[in-house]
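I opened my notebook to look up how the pieces of this structure meet. These are my entries, in the order I made them.

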Amino acid sequence: MVTEDRATADRQTQWLRGVLDLAVLATLQSAGTSYGYALIQSLTEAGILDLKGGTIYPLLARLEQEGLVSSEWRAGHGGPGRKYFTITATGREVLIRSAAGWTDFSARIGSILGGALSRGGR
Amino acid sequence: MPGQHGTSLKDYTEALTTQLRLRDVPGRAIGQIVAEVESHVRETGEDPVEAFGQPGSYSAQFAGRRRPVGRGGWLSLDDVTFTMFMVGALVLLNGVLNLGEIVNVTANVVSWVAPIVIYALVVGRIDIAVADRETRTITAARRTQGTRAASWLRFLAAFATFALGMAISSRLPHEPVLVSLPGWSLVLVGLAVTAVSVWVYQRWSDRIVDPRPWHLKGRPKWR
């Protein structure tokens, strides 16, 4: 059972690898501006579990390098300084284009897997 | 404060900095990466190893993005500026000790320049290898072993360079005089060489820059 859970978790990690950047961009678009830990919390609340700082910060660095987000160090609420990220105009364009692509792709995969599910249910 | 893995934030960021340096990540990028780790760990209270993984594997995610200026190859800018500074300091010291006199420069000058060059080129690399071993995986036992090994190596290196200088000095002739210079001119040359080495290092070396405004840093800047 543990092995099966592990296999499921590994598969979800693989799925996530391809779309986590889009999930981060979408979260930033709806939040306006946010920082690493708050992004992890938002994504966890949305059902993406086991996200660590070691995953999110290199991803944000890559998005910044590609010009999809911008960043600024500001004071936190009584705590240490935080690096706040904002989605750029290019980031919005990429998000809209890629979100449409992902929706189309997932619908096609969904229809294949949906067929397997209904056959398995018979 | 040590976390679940027994790793303090300070130990973790130092090990991470070393690993990022060894992977030729530019100084400005290192500043950002380390500041993010500090900010995240201070805010969440998580163990740094738990949140980011071992310094060696976390640093691997940032490797190979851009090769910085002044590193790589067999001779780095840091080696050159270190050698210039040390030679300049020795010339300055010689000048100060012989301020009102004439200093005769002979072939024996090699006996104190050569050990500095050898120290910068050879021993520095052994030190880097020890730092790599020490910080790739952060465990208390390995850090203690690595720190002890690094201390011994530094001691042996200093002893070997001193012995080398003495050995060269005993074999080189004190005649003929290559050039005779007044002490004050050595002071000027020494000052100029050290000043240039510091300026070149400040201007061109790939230094780590903390990206945070001073009031957000929380503690003095790291290495």
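**Where the two chains touch**

I began with the contact: chain B and chain A bury about 1700 Å² between them, and 59% of it is on carbon and sulfur atoms. Buried area here is the accessible area (1.4 Å probe) that two parts lose on being put together, summed over both. I noted that the size of an interface is often given this way, as the accessible area lost when the parts come together.

Before going on, I wrote down the ground rules. This is a predicted model, where local features need pLDDT of at least 70 and side-chain atom pairs count only at pLDDT 80 or more, while totals for chains, interfaces and linings use all residues; side-chain values use heavy atoms, with hydrogens and water left out. Residues are numbered from 1 along each chain as its sequence is written, and chains are lettered from A and ligands numbered from 1 in the order in which they are written.

How many residues does each chain bring to the contact? I found 19 residues from chain B and 19 residues from chain A, contact meaning heavy atoms within 4.5 Å.

Next I looked up the polar side of things. Between chain B and chain A there are ten residue pairs in polar contact, both residues at pLDDT 80 or more. A polar contact is a pair of N or O atoms within 3.5 Å; within protein, one must be able to donate a hydrogen and the other to accept it, and residues adjacent in sequence count only if both atoms are side-chain atoms.

Which elements of chain B give two or more residues to the side that touches chain A? They are helix 2 and helix 3 (48-52) of chain B. Helix 2 of chain B supplies the largest share of that side, eight residues. Helices (H or I, at least four residues) and strands (E, at least two) are DSSP runs, numbered from the N terminus.

I sorted the residues on that side of chain B too: eight are nonpolar, five polar and six charged. In this sorting Ala, Val, Leu, Ile, Met, Phe, Trp, Tyr, Cys and Pro count as nonpolar, Asp, Glu, Lys and Arg as charged, and the others, Gly among them, as polar.

**Salt bridges**

I counted eleven salt bridges over all chains, and three of the count lie between chain B and chain A. A salt bridge is a side-chain nitrogen of Lys or Arg within 4 Å of a carboxyl oxygen of Asp or Glu.

I checked Lys83(A) with Glu36(B), whose side chains meet in a salt bridge at 2.8 Å, N to O. Lys83(A) lies in strand 3 (residues 82-87) of chain A and Glu36(B) in helix 2 (residues 27-44) of chain B, so the pair joins two chains. Buried or exposed? Lys83(A) is buried at 6% relative accessible area, and Glu36(B) is buried at 4%. My cut-offs were under 20% relative accessible area for buried, over 50% for exposed and partly exposed in between (1.4 Å probe, protein chains only).

Then I looked within chain A. Asp104(A) forms a salt bridge with Arg108(A), with the closest N and O atoms 2.8 Å apart. The two are four residues apart in helix 4 (residues 89-121) of chain A, about one helical turn. Asp104(A) is partly exposed, at 42% relative accessibility. I also noted that salt bridges sharing partners join Asp21(A), Arg62(A) and Glu66(A) into one network.

In chain B, the side chains of Arg212(B) and Asp210(B) meet in a salt bridge at 3.1 Å, N to O. Both of these residues are buried.

**Aromatic pairs**

My count here came to five aromatic pairs over all chains. Rings of Phe, Tyr and Trp (its six-membered ring) pair if their centres lie within 6.5 Å; planes under 30 degrees apart count as stacked, over 60 as edge-to-face and the rest as tilted.

Trp102(A) and Phe105(A) form a tilted pair, 5.9 Å centre to centre with 40° between the planes. They sit three residues apart in helix 4 of chain A, about one helical turn. Trp102(A) is partly exposed at 37%, and Phe105(A) is partly exposed at 41%.

The rings of Tyr58(B) and Phe62(B) have centres 5.2 Å apart and planes at 85°, so I logged the pair as edge-to-face. Tyr58(B) is buried at 0%, as is Phe62(B) at 4%. Tyr57(A), Phe52(B), Tyr58(B) and Phe62(B) form one aromatic cluster.
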